[in-house]
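Visitor: Could you walk me through this one, starting with the charged side chains and then the strands?

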Amino acid sequence: MPTLNQLFRHGREEKRRTDRTRASDQCPQKQGVRPRVPTRTPKKPNSAPRKIAKVRLSNRHDIFAHIPGEGHNSQEHSIVLIRGGRVKDSPGVKSHCIRGVKDLLGIPDRRKGRSKYGAEKPKSR
């Protein structure tokens with residue numbers, strides 16, 4: 001613990017905050033290429049494998065992004081668009097892939113929450 005005299009001379013140093021949006025350059029979306037498509041198991045109480053993508057962004061940052069929804073057509077070296085939003089049970093995954101844009105297809109036959117999963121409106125009869 002510092003003495004009062006040391007505090008008068010030097011003061012206390014403020015904690016530096018880490019920037020959580022380093023990779024995105026403060027942009028709402030970023031484009032990137034996928035070098036590989038792994039799956040990863042989540043943290044303790046949950047157990048289903050999560051589909052994630054390692055993405056090399058256009059600014060040369062490498063990040064992990066979650067692929068939402070059931071099933072995906074994404075392969076290595078396909079182009080995806082990234083948005084923010086972390087996945088609470090997957091450590092180190094701080095962004096999502098946007099479905100229905102670039103090479104990542106939307107989910108066919110999805111009725112609810114279509115805008116989040118790139119699904120088209122079903123034809124009314």
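**Charges and strands**

Guide: Asp-62 has a relative accessible area of 37%, so Asp-62 counts as partly exposed. Please keep in mind throughout that this is a predicted model.

Visitor: Which residue does Asp-62 meet in a salt bridge?

Guide: The partner is Arg-56, and the salt bridge between the two side chains has an N to O distance of 3.0 Å. Arg-56 is itself partly exposed, its relative accessible area being 35%.

Visitor: How many salt bridges does a search of the whole structure find?

Guide: The search finds three. Besides the pair just described, the side chains of Asp-89 and Arg-50 meet in a salt bridge at 2.6 Å, N to O. That pair links distant parts of the chain, since Asp-89 lies in the loop between E5 and E6 while Arg-50 belongs to strand E3, 39 residues apart.

Visitor: Are Asp-89 and Arg-50 buried or exposed?

Guide: Both Asp-89 and Arg-50 are buried.

Visitor: And what does Lys-30 form a salt bridge with?

Guide: Lys-30 forms one with Asp-25, where the closest N and O atoms are 4.0 Å apart. The two ends differ in how they are covered: Lys-30 has a relative accessible area of 14% and is therefore buried, the cut-off for that being under 20%, whereas Asp-25, at 42% relative accessibility, counts as partly exposed.

Visitor: Switching to the strands, what does E3 pair with?

Guide: Strand E3, residues 50-57, pairs with strand E1, residues 29-36, in the antiparallel sense over three bridges, and within that pairing Val-33 stands opposite Arg-56. Strand E2, residues 39-40, is also joined to E3, by two bridges and again running antiparallel, with Thr-39 having Lys-51 as its bridge partner. Finally, E3 pairs with strand E4, residues 62-66, in the antiparallel sense over five bridges.

Visitor: Which residues stand opposite each other between E3 and E4?

Guide: Among them are Lys-54, which stands opposite Phe-64, and Val-55, which stands opposite Ile-63. As a general point, side chains in a regular strand alternate between the two faces of the sheet.

Visitor: What lies between E3 and E4?

Guide: The two strands form a hairpin with four residues between them, and Arg-60 in that turn has a positive phi of about 70°.

Visitor: In which sense does E4 run relative to E6, parallel or antiparallel?

Guide: E4 and E6 run parallel and are joined by two bridges, and His-66 stands opposite His-96 in E6.

Visitor: Back to Lys-54 for a moment, how exposed is that one?

Guide: Lys-54, whose place is in strand E3, is partly exposed, with a relative accessible area of 22%. If you want a long distance for orientation, Lys-54 and Arg-125 are 71 residues apart in sequence and 41 Å apart in space, taken from C-alpha to C-alpha.

Visitor: Which residues gather in a patch of positive charge on the surface?

Guide: Arg-17, Arg-20, Arg-22, Lys-43, Arg-86, Lys-88 and Lys-94 gather there.

Visitor: Where is Arg-86, and why does it count as exposed?

Guide: Arg-86 sits in the loop between strand E5, residues 79-84, and strand E6, residues 95-97. Its relative accessibility is 59%, and the cut-off for exposed is over 50%, so Arg-86 counts as exposed.

Note on methods:
Residues are numbered from 1 along each chain as its sequence is written. This is a predicted model: local features need pLDDT of at least 70, side-chain atom pairs count only at pLDDT 80 or more; totals for chains, interfaces and linings use all residues. Side-chain values use heavy atoms; hydrogens and water are left out. Two strands pair if DSSP finds at least two bridges between them. Patches are made of residues with over 30% relative accessible area and no salt bridge: like charges are joined within 9 Å, nonpolar side chains (Val, Leu, Ile, Met, Phe, Trp, Tyr) within 5 Å. Accessible areas come from the Shrake-Rupley method with a 1.4 Å probe; for residues, only the protein chains shown count as cover. Lys and Arg count as positive and Asp and Glu as negative; His and the chain ends are not counted. The place of a charge is taken as NZ of Lys, CZ of Arg, CG of Asp or CD of Glu. Buried means under 20% relative accessible area, exposed over 50%, partly exposed in between (1.4 Å probe, protein chains only).
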